[in-house]
Amino acid sequence: MGRGKVEVKRIENPTSRQVSFSKRRNGVLKKAYELAVLCDAEVAVVIFSPSGKAYQFSSHDIDGTLARYRKYVGQSQFNHPLSRALVWKSEMEDMNRSISSLEARLRHFSGEDLEPLTIKELKRLERQLSVGIERVRSKMRRIISEHTSQLKKKYKGLQEEHSRLQKRLNQLKDVAETTTRISDADGVSVLEMFV
């Protein structure tokens, strides 16, 4: 008994839609592999899921295959001024959307414009801020620890230098006292000894 004809339209149930996507994606990738092996064809397939995850198959280097495709089909279309303008306009709109989204996130991180956020989004923002604060604190602790150890090394070096200079000073005092005693005993002043 054969399968009935499947009506091609969007599946409304999200779970069924995901299951169908997964099965059909695997089927398409399997067929691409079979075509490449059986017919020795250069095949490249790229599939993006509804969530934006990419799946790909390539019988050869995918970058080389895509470059070959662009050269074969895309160049003539892309060289047309109107086509280039549409591509750049689309790119610019994507960039503007990204900029707007990033600016909104930055405002949220600074505690501004929080009214449109849901409880779930606020909790996610709170988690992100907590993680960020912990990273900042960890970095501060590391810097303070390194700075403290450098200061301890410097302090120890200064103490050793102080001890060395103190010993030298004591030696000079001993020499001066000995010289004074000798000169007093002989009746010769220290200045006379050096002249």
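In the predicted model, helix α1 spans residues 14-39 and comprises 26 residues, reaching 37 Å from its first C-alpha to its last, a value close to the 38 Å expected at 1.5 Å a residue. At the start of α1, a side-chain oxygen of Asn13 reaches to within 3.0 Å of the backbone nitrogen of Thr15, while just after the helix Asp40 takes a positive phi of about 50 degrees. The buried residues of α1 are Ser20, Phe21, Arg25, Leu29, Ala32 and Ala36, and the elements that cover them include strands β1 (44-48) and β2 (54-58).

Two contacts involve side chains of α1 and aromatic residues. Arg25, which is one of the buried residues of the helix, lies over the face of Tyr55, at 4.0 Å from the ring centre. A search of the whole structure for aromatic pairs finds two. In the pair formed by Tyr33 and Phe57, the ring centres are 6.2 Å apart and the planes stand at 85 degrees, so the arrangement is edge-to-face, the angle being over the 60 degrees that this class requires. Because Tyr33 lies in helix α1 and Phe57 in strand β2, this pair ties together parts of the chain that are 24 residues apart in sequence. The two partners differ in their accessibility, since Tyr33 counts as partly exposed at 48% relative accessibility, whereas Phe57 is buried, with a relative accessible area of 18%.

Salt bridges were searched for across the whole structure, and seven were found. Within α1, the side chains of Glu34 and Lys31 meet in a salt bridge with an N to O distance of 3.9 Å. These two residues are three places apart in the helix, so about one helical turn separates Glu34 from Lys31. An α-helix has 3.6 residues a turn, so residues three or four places apart point the same way. Glu34 is partly exposed, with a relative accessible area of 27%, and Lys31 counts as exposed at 57% relative accessibility.

A further salt bridge joins the side chains of Glu42 and Arg68, with an N to O distance of 2.4 Å. This pair links distant parts of the chain, Glu42 being placed in the loop between α1 and β1 and Arg68 in helix α2 (residues 62-78), 26 residues apart. Glu42 counts as partly exposed at 31% relative accessibility, and Arg68 is exposed, with a relative accessible area of 55%.

Glu42 also appears among the contacts of His60, a residue placed in the loop between β2 and α2. When neighbours within four places in sequence are left aside, His60 is in contact with Ala41, Glu42 and Thr65. The side chain of His60 is joined to that of Ser59 by a polar contact of 2.9 Å. The position of His60 may also be given relative to helix α1: His60 and Ala36 are 24 residues apart in sequence, and their C-alpha atoms are 9.3 Å apart in space. His60 itself is partly exposed, with a relative accessible area of 43%.

Another histidine, His108, lies in helix α3 (residues 81-109) and counts as buried at 14% relative accessibility. Residues up to four places away in sequence not being counted, His108 touches Asp113, Leu114, Leu117 and Leu125. With Asp113 there is in addition a polar approach, in which the backbone oxygen of that residue lies 3.2 Å from a polar atom of the His108 side chain. Asp113 also forms a salt bridge with Arg107, the closest N and O atoms being 3.7 Å apart. Both members of this salt bridge are partly exposed, Arg107 with a relative accessible area of 33% and Asp113 with a relative accessibility of 34%.

Methods
Residues are numbered from 1 along each chain as its sequence is written. This is a predicted model: local features need pLDDT of at least 70, side-chain atom pairs count only at pLDDT 80 or more; totals for chains, interfaces and linings use all residues. Side-chain values use heavy atoms; hydrogens and water are left out. Helices (H or I, at least four residues) and strands (E, at least two) are DSSP runs, numbered from the N terminus. The expected span of a helix is 1.5 Å times one less than its number of residues. Buried means under 20% relative accessible area, exposed over 50%, partly exposed in between (1.4 Å probe, protein chains only). Contact means heavy atoms within 4.5 Å. A polar contact is a pair of N or O atoms within 3.5 Å; within protein, one must be able to donate a hydrogen and the other to accept it, and residues adjacent in sequence count only if both atoms are side-chain atoms. A salt bridge is a side-chain nitrogen of Lys or Arg within 4 Å of a carboxyl oxygen of Asp or Glu. Rings of Phe, Tyr and Trp (its six-membered ring) pair if their centres lie within 6.5 Å; planes under 30 degrees apart count as stacked, over 60 as edge-to-face and the rest as tilted. A charge sits over a ring if NZ of Lys or CZ of Arg is within 6 Å of the ring centre and within 35 degrees of the ring normal.
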